[in-house]
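Take a walk through this chain, from its overall build down to single residues. Keep the viewer open as you read.

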Amino acid sequence: MSECKCFNVMLEKVSENLRGQLPAKEAESLKARWGNEALVMEENSMTLKIGIPVAYEYQKLKKSGEPQKNRTKKEVKLMMSYCPFCGISLKNSGGTR
Ligand SMILES: [Zn+2]
């Protein structure tokens, strides 16, 4: 994987910070992860990337044309083109770094 390590580094910083807020015995069990991970197929490898979620909902209609009781709620994830922390291009996976 050629992209920067910012996501790992930031996650580690956040984890440390959260651990610091907990009593030591509880902090041991803390696990943090990015909430919007997505597996992305790139060339021949699967990489874990963080997506920006867009939540949407709409009123689905039954075959009869009547609206369904509940609104349909879904989510799509947008992939970032650049690292939000250091600005490196995340699309260029050619291994320049
Ligand atoms: Zn970065």
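What follows moves from confidence to overall form, then to the helix and the sheet.

This is a predicted model. Confidence comes before geometry. The mean pLDDT of the chain is 87, and 91% of its residues reach 70 or more. Confidence varies by element. H1 has the highest mean pLDDT among the elements, at 95. E1 has the lowest, at 78. Where pLDDT is low, the predicted coordinates should not be read in detail.

Now the layout. The chain holds two helices and three strands. Read from the N terminus, the order of elements is α-α-β-β-β. How does the radius of gyration compare with the globule rule? The chain comes out at 19 Å, while the rule gives 13 Å for 97 residues. The value is well over the rule, so the chain is more spread out than a compact globule. The C-alpha trace spans about 55 × 45 × 25 Å along its principal axes.

Burial is the next check. Buried residues make up 1% of the 97 residues in the chain. Contacts give another view. Among contacts with a separation of 6 or more, 39% join residues 24 or more positions apart.

Start with helix H1, which covers residues 6-20. Its length can be tested. At 1.5 Å a residue, its 15 residues should span 21 Å. The C-alpha atoms at its ends are 21 Å apart, which agrees. Is H1 covered or in the open? Of its 15 residues, the number buried is zero, so H1 lies largely in the open.

Turn to the sheet. Three strands form an open sheet in the order E1-E2-E3, with antiparallel pairing. Which strands stand at the edges? They are E1 (37-42) and E3 (72-79). Each has a single partner strand, so one side of each is left without a neighbour in the sheet. Neighbouring strands of this sheet are turned by 45° against each other on average, direction ignored. Strands of a sheet pair through backbone hydrogen bonds, either parallel or antiparallel.

Take the pairing of E1 with E2 (residues 45-58) next. These two strands are antiparallel and share six bridges. Two partner pairs help to trace the register. Ala38 has Lys49 in E2 as its bridge partner. Glu42 is bridged to Ser45 in E2. E1 and E2 form a hairpin with two residues between them. In that turn, Glu43 has a positive phi of about 45°.

On the other side of the pairing scheme comes E3. Eight bridges join E2 to E3, and these strands also run antiparallel. One pair to find in the viewer is Val54, which stands opposite Val76 in E3.

How well are the edge strands covered? E1 is hardly covered, with zero buried residues among its six. E3 is hardly covered either, with zero buried among its eight.

Finish with one residue. Met41 lies in strand E1. Is Met41 buried or exposed? Exposure here calls for 12 or fewer C-beta neighbours within 10 Å. Met41 has 8 inside 10 Å, so Met41 counts as exposed. Its place relative to Val9 can also be checked. The two residues are 32 apart along the chain, and their C-alpha atoms are separated by 23 Å.

Methods
Residues numbered from 1 in each chain as written. Predicted model: local features only at pLDDT ≥ 70, side-chain atom pairs only at ≥ 80, totals over all residues. Helix = DSSP H or I, 4+ residues; strand = E, 2+ residues; numbered from the N terminus. Expected span 1.5 Å × (residues − 1). Buried ≥ 20, exposed ≤ 12 C-beta atoms within 10 Å, placed from the backbone. Pairing = 2+ DSSP bridges. Axes fitted to C-alpha atoms, helices over the stretch in contact; angles between N-to-C directions. Rg over C-alpha atoms; globule rule 2.2 N^0.38 Å. Contact = placed C-beta atoms within 7 Å. pLDDT = per-residue confidence, 0-100.
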